[in-house]
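Dear colleague,

Please find below the structure that I am handing over to you, together with its sequence. My notes on what was found in it follow directly after.

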Amino acid sequence: MKDDKDQTQEIIPPIRTAYAIQIGDYIGIPHFFELKLKKSLVITALPYIESVEKLAPFLKHRFWEEENEYRAAFSLHKSKKPVEDYIEIKISEELIDFIILGPTFSDKEEGDIKSIKDAKLDFNKLIKKHSIGTGIIRMS
């Protein structure tokens, strides 16, 4: 595969980044570059990439360990993407003990959820708790 003249691949998109050189007070003009991974690298790394994709949904930061949720994980690798973007699972309020609001969940977001007219679950009927990461984890 490494000898194949056409090394283009579409599995992993190009990685784009920018940098500027700084020497003392001088800051240079930003430069940009794009890294396109070769097919020979990506194809040979696919088993590793797919194993990480399968494992990642089951690893949690300690701030989310309290959730104790059930997870359904599907490999949505570009080469294996299903026809549908989601799977609908019917869940009733009786199945939910409480919901944990994420560490950056805001009053505005709560208002947005409450304003949904055709919601499948009634947000107001659910017991809500704040994440243990609230006030620690911040979005900037």
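Is Lys114 buried, partly exposed or exposed? With a relative accessible area of 43%, Lys114 is partly exposed. Please keep in mind throughout that this is a predicted model.

**Overall architecture**

The protein contains two helices and six strands. Their order along the sequence is β-β-β-β-α-β-α-β. Of its 140 residues, 12% count as buried. The protein exposes about 12,200 Å², and carbon and sulfur atoms supply 58% of that area. As for contacts between residues at least 6 apart in sequence, 63% of them join residues at least 24 apart.

**Salt bridges**

A search of the whole structure gives six salt bridges. The general principle is a familiar one: side chains of opposite charge can pair when their charged atoms come close. Three of the pairs are described here.

Lys114, with which these notes began, forms a salt bridge with Glu110, at 3.3 Å from N to O. Both residues belong to helix 2 (residues 107-114), where they are four residues apart, about one turn of the helix. An α-helix has 3.6 residues a turn, so residues three or four places apart point the same way.

The second pair consists of Lys39 and Asp4, whose closest N and O atoms are 2.8 Å apart. Lys39 lies in helix 1 (residues 39-55), whereas Asp4 lies in the segment before strand 1 (15-19), so this salt bridge ties together parts that are 35 residues apart in sequence. The two partners may also be described by their accessibility: Lys39 is buried, with a relative accessible area of 19%, while Asp4 is partly exposed at 35%. Lys39 counts as buried because its value falls under the 20% cut-off.

The third pair is Glu34 and Arg16, with a distance of 2.6 Å from N to O. Glu34 is in strand 4 (residues 31-35) and Arg16 is in strand 1, so the pair ties together parts that are 18 residues apart in sequence. Glu34 is partly exposed, with a relative accessible area of 36%, and Arg16 counts as exposed at 61%. These two residues also belong to a network of salt bridges that links Arg16, Glu34 and Lys36.

**Helix 1**

Helix 1 has 17 residues and spans 24 Å from its first C-alpha to its last, close to the 24 Å expected at 1.5 Å a residue. Where does this helix kink? A kink of about 55 degrees lies at Leu46, shortly before the proline Pro47.

The buried residues of helix 1 are Lys39, Ser40, Val42, Leu46 and Glu50. The list thus includes Leu46, where the kink lies, as well as Lys39, the partner of Asp4.

Ser40 also merits a separate word. This residue is placed in helix 1 and is buried, with a relative accessible area of 17%. Which residues does Ser40 touch, not counting those up to four places away in sequence? They are Met1, Lys2 and Gln7.

I would be glad to discuss any of these points with you.

With kind regards

How values were computed: Residues are numbered from 1 along each chain as its sequence is written. This is a predicted model: local features need pLDDT of at least 70, side-chain atom pairs count only at pLDDT 80 or more; totals for chains, interfaces and linings use all residues. Side-chain values use heavy atoms; hydrogens and water are left out. A salt bridge is a side-chain nitrogen of Lys or Arg within 4 Å of a carboxyl oxygen of Asp or Glu. Buried means under 20% relative accessible area, exposed over 50%, partly exposed in between (1.4 Å probe, protein chains only). Contact means heavy atoms within 4.5 Å. Accessible areas come from the Shrake-Rupley method with a 1.4 Å probe; for residues, only the protein chains shown count as cover. The expected span of a helix is 1.5 Å times one less than its number of residues. The bend at a residue is the angle between axes fitted to the seven residues ending there and the seven starting there.
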